[in-house]
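The following exercises concern salt bridges, burial and pocket lining. Each task is followed by a solution in steps.

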Amino acid sequence: MEIFIGRLNERDAEELFTFECNNRRFFEQTVPSRGDDYYTFETFKNRHRELLKEQEENISYFYLIKNDSGSIVGRINLVDIDNTNGSAHVGYRIGEKYTQRGIANKALKLLVNTAAELSVNQIHAKTTSNNIASQKVLERNGFIRSSINEEKNEHGQKETFIYYCRTI
């Protein structure tokens, strides 16, 4: 499957909301929940506007991963951009019916190439210890495991996170 990444825009809100709702249960198997409020359209639209504002301010860049017919198959983001030292953090999620097709691998490769154009020369990532697929995607794309830490998630539950870094 051919994919491309396109920067998040205002027109994406409804389709993205549907994508997030359709994949909520799947995502929450490997990443902490975004909470029930996130899945009400009014809250989602407000959050969407906040993300667009961050993007305008060059604090973060949010991309949708789309297939050749233009449907959303995932998301990939560069966040917490530090323009002083050229670093950022990456996060991504692929919809359940699009997993195991190499989409995350291709999207991360596209984002790494895009990051260089945005003056980002070091990308950090973290994933939960039970998200083996994400660990493989990061490692295939040249990310080096830097540490493992047990932390409390936003619900106060302990989780083990694996940290990665890649210099471009």
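**Exercise 1.** Does Lys66 count as buried or exposed? Locate the residue and list its contacts outside the sequence neighbourhood.

*Solution.* The model is a predicted one.
1. Lys66 belongs to strand S2, which spans residues 61–67.
2. The relative accessibility of Lys66 is 16%. Buried means under 20%, so Lys66 counts as buried.
3. Leaving aside residues up to four places away in sequence, Lys66 touches Glu2, Ile3, Phe4, Asp12, Ser71, Ile72 and Val73.

**Exercise 2.** Characterise the salt bridge between Arg75 and Glu20, and state the network to which these residues belong.

*Solution.*
1. The closest N and O atoms of Arg75 and Glu20 are 2.8 Å apart, and the cut-off for a salt bridge is 4 Å.
2. This pair joins distant parts of the chain: Arg75 is in strand S3 (residues 72–82) and Glu20 in helix H1 (residues 13–27), with their positions 55 residues apart.
3. Both Arg75 and Glu20 are buried.
4. Salt bridges link Glu20, Arg75, Arg34 and Arg93 in a network.
5. A search of the whole structure yields 13 salt bridges.

**Exercise 3.** Describe the salt bridges Arg24–Asp36 and Glu151–Lys126 by distance, position and accessibility.

*Solution.*
1. In the pair of Arg24 and Asp36, the closest N and O atoms lie 2.5 Å apart.
2. Arg24 is in helix H1, whereas Asp36 is in the loop between H1 and helix H2 (41–56); the two are 12 residues apart and link distant parts of the chain.
3. Arg24 has a relative accessible area of 22% and is therefore partly exposed. Asp36, at 56% relative accessibility, counts as exposed.
4. In the pair of Glu151 and Lys126, the closest N and O atoms are 3.7 Å apart.
5. Glu151 lies in strand S6 (residues 144–152) and Lys126 in strand S5 (residues 122–128), so this salt bridge ties together parts that are 25 residues apart in sequence.
6. Glu151 is partly exposed, with a relative accessible area of 23%, and Lys126 is partly exposed at 42% relative accessibility.

**Exercise 4.** Which residues of H4 are buried, and which elements do they pack against?

*Solution.*
1. The buried residues of H4 are Ser134, Gln135, Val137 and Leu138.
2. These residues cover an arc of only 160° around the axis, so they are on the same side of H4.
3. A general principle applies: an α-helix has 3.6 residues a turn, so residues three or four places apart point the same way.
4. Ala133 and Arg140, on the other side of H4, are exposed.
5. The packing partners of the buried residues of H4 are strand S4 (87–94), helix H3 (103–117), S5, S6 and strand S7 (158–167).
6. Gly142, with a positive phi near 85°, follows H4.

**Exercise 5.** How much space lies in the largest pocket, and which element gives the most to its lining?

*Solution.*
1. The largest pocket holds about 1600 Å³ of space.
2. It is lined by 50 residues, of which Val31, Gly91, Tyr92, Arg93 and Asn131 are the closest to its centre.
3. Helix H4 (residues 132–140) gives the most to this lining, with 7 residues.
4. By residue class, the lining of the largest pocket comprises 21 nonpolar, 16 polar and 13 charged residues.
5. Arg93, one of the residues closest to the pocket centre, is also part of the salt-bridge network with Glu20, Arg34 and Arg75.

Conventions: Residues are numbered from 1 along each chain as its sequence is written. This is a predicted model: local features need pLDDT of at least 70, side-chain atom pairs count only at pLDDT 80 or more; totals for chains, interfaces and linings use all residues. Side-chain values use heavy atoms; hydrogens and water are left out. A salt bridge is a side-chain nitrogen of Lys or Arg within 4 Å of a carboxyl oxygen of Asp or Glu. Helices (H or I, at least four residues) and strands (E, at least two) are DSSP runs, numbered from the N terminus. Buried means under 20% relative accessible area, exposed over 50%, partly exposed in between (1.4 Å probe, protein chains only). On a 1 Å grid over the protein atoms alone, a cavity is a set of points where a 1.4 Å probe fits but cannot get out, and a pocket is an open set with protein on both sides within 12 Å along at least five of seven lines; lining residues have an atom within 4 Å of a point. Grid points are joined across faces, edges and corners, and a volume is the space filled by probe spheres set on the points. Ala, Val, Leu, Ile, Met, Phe, Trp, Tyr, Cys and Pro count as nonpolar, Asp, Glu, Lys and Arg as charged, and the others, Gly among them, as polar. The arc is that of the directions from the helix axis to the C-beta atoms. Contact means heavy atoms within 4.5 Å.
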